[in-house]
Amino acid sequence: MTEGAPPDETDVEAADDGSAGHQSDDPAAADDGADDATTGSGPADSATEQTAPAEQASETAVSEANDIPSDVQKYDRFKKIEGGTYDRANDFLRDRTYITAREWAIARLCADFRTETGVEMTKIGENLPELVPFMTDTYTPQAVNQARAAFEDKVRKAGATFLYGAMCDFFTAEDLDDVMYEATEVAKFLLEVEGVDLAVEDEMEAEDRISSVMREVREQSAALRHDEVCCPECGNEFQVDE
């Protein structure tokens, strides 16, 4: 199954037996045509025949809409991204994160459709195109679970990679600020695409808290790397256990 791609479409060639639009030279056939013209249906019958397919299509659409759970119909995330743009979303994420668009969308859905007994993976998979505009195919519960597991695994590995980079003294404090700024901007953009409205005050508070945590990480990692009670880089003193 291709990520986000619609099911395989089978090309259907129109049957052409050479008789369409051909008028028979047989007089009997011509007479049959004349009889049809004189005894055929009138305007009212024709209108009825044209109306019936439209009514059937309408009833089918209503029936399909009724089959969609109410919480799926009310789900309003991902409305800011147009349908059929899976490749664009995937390229954006691959350039800036470890995750794919499929893993991003399904991880969000698993968080939103979590109950006391677990995640409603069957509901997510069966209604995936209704929930996420750029997902055009349904998924099995197993496929939903695999995407969620892949997301969690990549987040853990990315977290370990980042934390090591912050603790190993490879980056300066200014470098880490730049890394955190870029990461925060990408994360905020993804949240906004999901439909989360971020207030400016909340953004600034989150950035301050992240910066404070990163400074603490650098200080504590320096204490781990050096036996002295004073960091040779910043001059801060540490309480190092004997």
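Which backbone oxygen does the side chain of threonine 184 reach? In this predicted model, the partner is the backbone oxygen of methionine 180, at 2.6 Å from the side chain of threonine 184. Threonine 184 is placed in helix 9. With a relative accessibility of 13%, threonine 184 is classed as buried, because the cut-off for that class is under 20%. Leaving aside residues up to four places away in sequence, threonine 184 touches Glu207 and Ile210.

Helix 9 also takes part in the largest pocket, whose volume is about 1,200 Å³. The lining of this pocket comprises 35 residues, and Thr97, Ala183, Val186, Ala187 and Leu190 are those nearest its centre. At least two lining residues come from each of helix 5 (101–112), helix 8 (141–167), helix 9 (173–194) and helix 10 (200–225). Helix 9 provides the largest share, 11 residues. Sorted by class, the lining holds 21 nonpolar, 11 charged and three polar residues.

The largest nonpolar core contains 31 residues, and the most contacts inside it are made by Phe78, Trp104, Leu109, Ile124, Leu128, Val132 and Phe134. Helix 4 (86–96), helix 5, helix 6 (121–126), helix 7 (128–131), helix 8 and helix 9 each contribute at least two residues to this core. Helix 5 gives the most, with six residues. Leucine 109 touches Tyr75, Ile124, Leu128, Leu131 and Val132, when residues up to four places away in sequence are not counted. A second core, separate from the largest one, has five residues, among them Ala166, Leu176, Met180 and Met214. Met180 is thus named twice: as a member of this second core, and as the residue whose backbone oxygen is reached by the side chain of threonine 184.

Methods. Residues numbered from 1 in each chain as written. Predicted model: local features only at pLDDT ≥ 70, side-chain atom pairs only at ≥ 80, totals over all residues. Heavy atoms only, no water. 1 Å grid on protein atoms, 1.4 Å probe; cavity = no way out; pocket = protein on both sides within 12 Å on 5 of 7 lines; lining within 4 Å. Points joined across faces, edges and corners; volume = space filled by probe spheres on them. Helix = DSSP H or I, 4+ residues; strand = E, 2+ residues; numbered from the N terminus. Nonpolar A, V, L, I, M, F, W, Y, C, P; charged D, E, K, R; others polar. Buried < 20%, exposed > 50% of the residue type's maximum accessible area, 1.4 Å probe, protein only. Polar contact = N/O pair within 3.5 Å; in protein donor to acceptor, adjacent residues only side chain to side chain. Contact = heavy atoms within 4.5 Å. Core = buried A, V, L, I, M, F, W, Y, C linked by side-chain atoms within 4.5 Å.
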